[in-house]
Amino acid sequence: MSENMNENMSEGARILLVEDDRHIRQFVASALESEGYRITTATSVREANLALGHNAPDLVVLDLGLPDRDGLEFIRDYRAWSATPILVLSARVLESEKVTALDVGADDYLTKPFGVSELLARVRAQLRRRQDWNEREQPLIRFGDFEIDCIGRVVRRAGESVHLTQIEYRLLLSLATHPGRVMTHRQLLAQVWGAEAVESHQYLRVYVGHLRQKIESEPARPRHILTESGVGYRFQP
Ligand code: CA
């Protein structure tokens, strides 16, 4: 594919910018708008989720330090149902935080302060990758008489909401977004608790037990969350 075609295809791409600092938000938004991108801004995780429910972006540019929830949590939740690239903007300089953001699903990382040309180069690179992906966005997941609303973060059984803790919700989402596939202990631990927990198999066993109590009609003989002995779990819709 020629350089020109790549440029044309990403023209007018929709970018969701999540940043609570007004000056940085304006700086980044005007830099991106000047390149012809269509920008939606959000100043919190709550606003970002509202924007996602309204319009699917081609790229999310995300600050990690947000007023209501940690940007890392946003990445974990969003990545469970969407492959849309995420470019993280952060003042955090610790290597471990950068690795955590990438492990939980961010695609690239810019440390503040950064220049316009560096920002635009990273955005172009992510949008080019996006063009290769044809994965469907699916904010509603259904199995049995259950429905997971990934935007509202609500699980319903036959229309009635089922109370799940944050961890149980993330675990169910990680499983349900990979129907029929064996998810390893390490993959699930990394998706639900973060990369630092990948050896903590005991957590996983305990929480799978909790989740089965809430989801399965017969928790001792699960139909949806099946054990793959010594490997992990398989979700059966
Ligand atoms: Ca911030």
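What follows is a short chat about the sheet, the helices and the calcium site.

Trainee: What kind of model is this?
Mentor: It's a predicted model, where local features need pLDDT of at least 70, side-chain atom pairs count only at pLDDT 80 or more, and totals for chains, interfaces and linings use all residues. Residues are numbered from 1 along each chain as its sequence is written, and side-chain values use heavy atoms, leaving out hydrogens and water.

Trainee: OK, in what order do the five strands sit in the sheet?
Mentor: E2-E1-E3-E4-E5, an open sheet with parallel pairing. Strands here are DSSP E runs of at least two residues, helices are H or I runs of at least four, both numbered from the N terminus, and two strands pair if DSSP finds at least two bridges between them.

Trainee: Which strands stand at the edges?
Mentor: E2 (38-42) and E5 (108-111); each has a single partner strand, so one side of each has no neighbour in the sheet.

Trainee: And how many bridges join E4 to E5?
Mentor: Four, with E4 covering residues 86-90. Ser 90 has Thr 111 in E5 as its bridge partner.

Trainee: Switching topic, which residues coordinate the calcium ion?
Mentor: Asp 20 (OD), Asp 63 (OD) and Gly 65 (O), at 2.2 to 2.3 Å. Donors are N, O and S atoms within 2.8 Å of the metal (3.2 Å for Na, K and Ca), and water is not among the atoms, so sites may look incomplete.

Trainee: Is Asp 63 buried or exposed?
Mentor: Buried, at 4% relative accessibility, while Gly 65 is partly exposed at 36%. Buried means under 20% relative accessible area, exposed over 50%, partly exposed in between (1.4 Å probe, protein chains only).
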